Amino acid sequence: MTAPRQKTAAVIQDLSGFGKCSLTEVLPVLSAAGVACSAVPTAVLSSHTGGLPGVVKRDLTEEIGLFAAQWSRLGLSFDALYSGYLSSPGQVQACAGLVRTLRRPETLLLADPAIGDGGRLYQGISGETAAAMREYCAMADVLTPNRTEAALLLGEPWREGPCSQRETEDLLRRLAGLGPRLVVLTGVSLGEGLLGAAGYDKEKDAVSYAMAPQVPGSYHGTGDLFSAALLAGLLLPMPLQAAMQAAADFVSRSIRRTYEAGTDPRFGVNFEQELPGFLRALGLL
């Protein structure tokens with residue numbers, strides 16, 4: 001019996017030495033799900049920048065194109081390309097160049113436009129970077145913004161408070177109008193004590209939801225964790241709603257474990273001990 005070909009993904013994100021996020025979350029989640037991962041580090045940091053002072057950083061924007069050139073010479077191809085936080089217009093453009101070099105017709109491009117939260121841009125993200133990200137996201141097959149990022153991508157003011165189901169579905173369709181085939185909006189709630197995501201499949205004109213128990217507090221790196229888990233499901237392949245639900249449950253359980261342990265939320269969530277449950281949800285255990 002011939003074993004199925006292993007799925008592959010290239011992840012374009014920064015590497016933080018401390019504080020679980022970006023590459024230190026994405027690579028283990030995808031690898032545990034059986035995906036062979038390659039990494040394009042956009043920067044190396046001593047820790048993430050979310051409330052941890054004295055960060056040491058080395059920018060690697062110039063190296064992104066060099067990675068793409070060597071991998072192209074090697075004839076490498078990937079089932080998925082996945083980009084996350086990009087810190088400058090030049091870095092967004094370098095990532096877009098890598099995508100154009102390595103993408104094949106069958107390659108799935110997931111773009112997580114990590115530019116803001118809570119109604120404002122992240123520290124270090126300029127309006128010019130947000131504009132470059134908007135243009136880049138038109139290339140994506142899958143787009144995974146939070147509500148702040150959705151407003152920024154659409155050039156609309158941030159509106160605090162919950163969105164109705166009708167407003168959420170209108171937002172999804174307008175985001176899909178930017179170019180992506182699948183849009184997954186995170187930070188959506190359909191009821192008290194529930195938090196998750198809303199998804200839209202443009203080809204089917206179908207909306208779906210995935211909710212999980214909400215845990216008190218704000219935890220760093222959960223957007224990266226959700227997108228990585230979502231991509232793992234999509235590569236199996238799973239239907240969009242099933243992949244969203246597996247990802248939402250995985251993130252919720254990881255946050256719950258961290259909350260109950262009293263871990264500093266800046267340090268990231270304990271996803272490692274929730275990986276077996278996630279793999280069971282994917283049907284891999």
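## A pocket and its lining

The second largest pocket has a volume of about 300 Å³. This value, like the others in this report, is computed from a predicted model. The pocket is lined by 18 residues. Those that lie nearest its centre are Arg181, Leu182, Leu234, Pro237 and Met238. Two elements give two or more residues to the lining: strand 11, residues 206-213, and helix 8. Strand 11 supplies the largest share, three residues.

Sorted by class, the lining consists of ten nonpolar, six charged and two polar residues. Among the residues nearest the centre, Arg181 is one that counts as charged, while Leu182 is one that counts as nonpolar.

## A cis bond beside the pocket centre

Pro237, one of the residues nearest the centre of the second largest pocket, sits in the loop between helix 7 (222-234) and helix 8. The peptide bond that joins Leu236 to Pro237 is cis, with omega at about 5 degrees. As a rule, most peptide bonds are trans.

## Two nonpolar cores

Which residues have the most contacts inside the largest nonpolar core? They are Leu230 and Phe278, in a core of 45 residues. Helix 8, residues 240-261, contributes nine residues, the largest share of this core. A second core, separate from the largest one, has 40 residues, including Ala10, Ala96, Val99 and Leu153.

Phe278 can be followed further through its contacts. With neighbours within four places in sequence left aside, Phe278 is in contact with Val29, Ala229, Ala232, Ala246, Ala247, Phe250 and Arg253. Of these partners, Ala246, Ala247, Phe250 and Arg253 fall in the residue range of helix 8, and Val29 falls in the range of helix 1.

## Glu25 and Glu272

Glu25 is part of helix 1. Is Glu25 buried or exposed? Its relative accessible area is 0%, so Glu25 counts as buried. Apart from residues up to four places away in sequence, Glu25 touches Lys20, Gly221, Asp224, Leu225, Val269 and Phe271. Asp224 and Leu225 are within the residue range of helix 7.

Glu272 is found in the loop between helix 8 and helix 9 (275-281). Its relative accessible area is 36%, and because buried means under 20% and exposed over 50%, Glu272 is called partly exposed. Glu272 and Glu25 are 247 residues apart in sequence, but their C-alpha atoms are 8.9 Å apart in space. For Glu25 and Tyr209, the separation is 184 residues in sequence and 24 Å in space, again from C-alpha to C-alpha.

## Two residues with positive phi

Most residues other than glycine have a negative phi. Ser22 has a positive phi, near 40 degrees. Ser22 belongs to helix 1, which spans residues 22-32. With a relative accessible area of 2%, Ser22 is buried.

Asp205 also has a positive phi, near 50 degrees. Where is Asp205 placed? Asp205 is in the loop between strand 10 (194-201) and strand 11. At a relative accessible area of 45%, Asp205 is partly exposed.

## Arg173 and its contacts

Arg173 lies in helix 6, which covers residues 165-176. Its relative accessible area of 35% makes Arg173 partly exposed. Without counting its neighbours within four places in sequence, Arg173 is in contact with Tyr200, Asp205 and Val207. Asp205 is the residue described above with a phi near 50 degrees.

Along the chain, Arg173 and Val183 are ten residues apart, and 8.2 Å separates their C-alpha atoms.

## Cysteines without a partner

How many disulfides does a search of the whole structure find? The search finds zero. For Cys37, the nearest cysteine sulfur is that of Cys95, 16 Å away. A disulfide needs two cysteine sulfur atoms within 2.5 Å, so Cys37 is in no disulfide. Cys37 has a relative accessibility of 25% and counts as partly exposed.

Cys163 is in no disulfide either, and the nearest cysteine sulfur, belonging to Cys137, is 19 Å away. Cys163 also counts as partly exposed, at 23% relative accessibility.

Technical notes: Residues are numbered from 1 along each chain as its sequence is written. This is a predicted model: local features need pLDDT of at least 70, side-chain atom pairs count only at pLDDT 80 or more; totals for chains, interfaces and linings use all residues. Side-chain values use heavy atoms; hydrogens and water are left out. A nonpolar core is a set of buried Ala, Val, Leu, Ile, Met, Phe, Trp, Tyr and Cys residues joined through side-chain atoms within 4.5 Å. Buried means under 20% relative accessible area, exposed over 50%, partly exposed in between (1.4 Å probe, protein chains only). Helices (H or I, at least four residues) and strands (E, at least two) are DSSP runs, numbered from the N terminus. Contact means heavy atoms within 4.5 Å. On a 1 Å grid over the protein atoms alone, a cavity is a set of points where a 1.4 Å probe fits but cannot get out, and a pocket is an open set with protein on both sides within 12 Å along at least five of seven lines; lining residues have an atom within 4 Å of a point. Grid points are joined across faces, edges and corners, and a volume is the space filled by probe spheres set on the points.
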